Amino acid sequence: MDDVVSTLTRDPAVGGLTTGAVARLLGVAPTTLRSWDRRYGIGPASREGGRHRRWTAADIRLLECMCGLTNAGMPPAEAARAALAAASPGPLSGPDDHEDEGRAGRPASHAPGALPIGRARRECRGLARAAVRLDAHAMDELLAAAIERYGLLAAWESVIMPTLHAVGRKWETAGERYIEVEHLLSWHVSSALRRAASQRPPVAGSGVSLLACTPGESHTLALEALTAGLAQQGLPVRMFGAALPVEAMEEAVRRTGPAAVVLWAQSRSTASRALVARVESIEWGVRGARRRPVVLVAGPGWAGQLPPGARHPSGLAEALDALAAISRR
């Protein structure tokens with residue numbers, strides 16, 4: 001990036017970069033750059049033949065400022081005013097703050113818009129905008145910063161989950177336009193949780209927690225957050241991920257002898273009371289001192305059909321407290 005900007009600064013004859021080239025440099029969708037140009041005046045100072053955008057070094061520096069502000073969670077209209085003000089000594093005479101109207105009477109952009117975050121933390125809004133832009137580097141930085149600043153539990157509940165829910169709502173209403181956003185965001189959330197889980201080795205002497213999705217269940221992120229939370233407390237955990245077959249689950253329980261087993265079901269169709277009873281009945285150990293695991297059911301799929309006496313944590317914090325108490329017995 002710095003080499004490209006330096007070249008443009010030293011040699012004006014280069015003539016600037018195309019929108020596509022700038023988008024690749026910044027990791028921003030070309031539609032986002034065109035939208036910023038139309039709505040907020042964050043655009044190239046000159047156009048080739050009066051129409052084609054050509055971005056100079058100064059234009060790119062302005063875009064870098066704009067990207068940095070939006071990544072931090074600042075609304076685009078406010079970020080545009082701040083970026084233009086920083087680039088110009090004079091007062092800002094930019095576009096209107098209304099994000100649904102085009103600049104200078106032009107129609108508003110029809111590119112994929114912001115996610116319906118609502119009144120959430122600034123970090124949540126920044127993560128949502130990075131996700132829509134498919135900005136992988138920004139997502140990694142924002143996720144790491146949120147976990148470091150607030151801790152895993154608070155970051156999960158106040159930054160990560162609201163953004164994931166917003167992607168899900170948008171995908172449901174916008175068809176397949178946001179599937180790529182959901183997949184990329186989920187991947188980077190998973191990566192951030194694994195990095196958090198690797199920061200501390202398990203403490204000897206605590207019972208193992210076995211975590212798995214029920215057969216047919218593919219949603220794993222909540223269990224990955226629980227895995228990271230247990231690992232950060234130094235509690236041993238085995239995470240078996242999505243759709244673990246019944247026979248494999250039974251074998252894993254017998255081989256690890258866990259203090260607790262957590263079964264996640266996202267939907268009612270994957271929640272099985274018979275499976276809970278089957279896991280609860282597994283025994284191991286020497287005769288006369290046999291043990292059984294404590295089984296917890298987690299996820300919205302169990303609502304209204306809890307097995308008798310089953311523990312159903314209401315969220316990540318309650319699940320962490322319950323498993324920590326069981327593991328340390």
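In which sense do strand β5 and β6 pair, and over how many bridges? The legends below take up this question and several others, using a predicted model.

**View 1. Strands β5 and β6 side by side.**
Strand β5 covers residues 260-264, and it pairs with β6 in the parallel sense over 5 bridges. To find your place in this view, start at alanine 260, whose bridge partner in β6 is valine 294. Why is β6 described as largely enclosed by the rest of the structure? The strand runs through residues 294-298, and 4 of its 5 residues are buried, so the rest of the structure largely encloses it. As you follow a strand, remember that side chains in a regular strand alternate between the two faces of the sheet.

**View 2. Serine 327 and its neighbours.**
Serine 327 belongs to helix α13, which spans residues 316-327. Is serine 327 buried or exposed? Its relative accessibility is 4%, and because buried means under 20%, serine 327 counts as buried. Leaving aside residues up to four places away in sequence, serine 327 touches Ser206, Gly207, Leu235, Pro236 and Ala259. With glycine 207 there is a link to look for: the side chain of serine 327 reaches the backbone oxygen of glycine 207 at 2.5 Å.

**View 3. A salt bridge between helices α9 and α7.**
Side chains of opposite charge can pair when their charged atoms come close. How many salt bridges does the count come to? The count is 4, and this view shows one of them, formed by arginine 195 and aspartate 140, with the closest N and O atoms 3.6 Å apart. Arginine 195 sits in helix α9 (residues 179-197) and aspartate 140 in helix α7 (residues 136-150), so the pair ties together parts that are 55 residues apart in sequence. Both partners are partly exposed: arginine 195 has a relative accessible area of 40%, and aspartate 140 has 26%.

**View 4. A salt bridge between helices α12 and α11.**
Here the side chains of arginine 278 and glutamate 250 meet in a salt bridge, at 2.4 Å from N to O. Arginine 278 lies in helix α12 (residues 273-280), while glutamate 250 lies in helix α11 (residues 246-256), so this pair joins parts 28 residues apart in sequence. Look at how each partner is covered: arginine 278 is partly exposed, at 39% relative accessibility, whereas glutamate 250 is buried, with a relative accessible area of 12%.

**View 5. Glutamate 283 and arginine 292.**
A salt bridge links glutamate 283 with arginine 292, and their closest N and O atoms are 3.2 Å apart. At 37% relative accessibility, glutamate 283 counts as partly exposed.

**View 6. Cysteines without a disulfide.**
How many disulfides does the structure hold? The number is 0. Cysteine 65, for example, is in no disulfide, and the nearest cysteine sulfur, that of cysteine 67, is 9.4 Å away. Cysteine 65 is partly exposed, with a relative accessible area of 28%, while cysteine 124 is buried at 0%.

**View 7. Stepping back to the whole protein.**
The secondary structure comes to 13 helices and 6 strands. Of the 329 residues in the protein, 45% are buried. The protein exposes about 16500 Å², and carbon and sulfur atoms supply 52% of that area. Among contacts with a separation of 6 or more, 68% are between residues 24 or more positions apart.

Note on methods. Residues numbered from 1 in each chain as written. Predicted model: local features only at pLDDT ≥ 70, side-chain atom pairs only at ≥ 80, totals over all residues. Heavy atoms only, no water. Helix = DSSP H or I, 4+ residues; strand = E, 2+ residues; numbered from the N terminus. Buried < 20%, exposed > 50% of the residue type's maximum accessible area, 1.4 Å probe, protein only. Polar contact = N/O pair within 3.5 Å; in protein donor to acceptor, adjacent residues only side chain to side chain. Contact = heavy atoms within 4.5 Å. Areas by Shrake-Rupley, 256 points an atom, 1.4 Å probe, with all protein chains shown as cover. Pairing = 2+ DSSP bridges. Disulfide = S-S within 2.5 Å.
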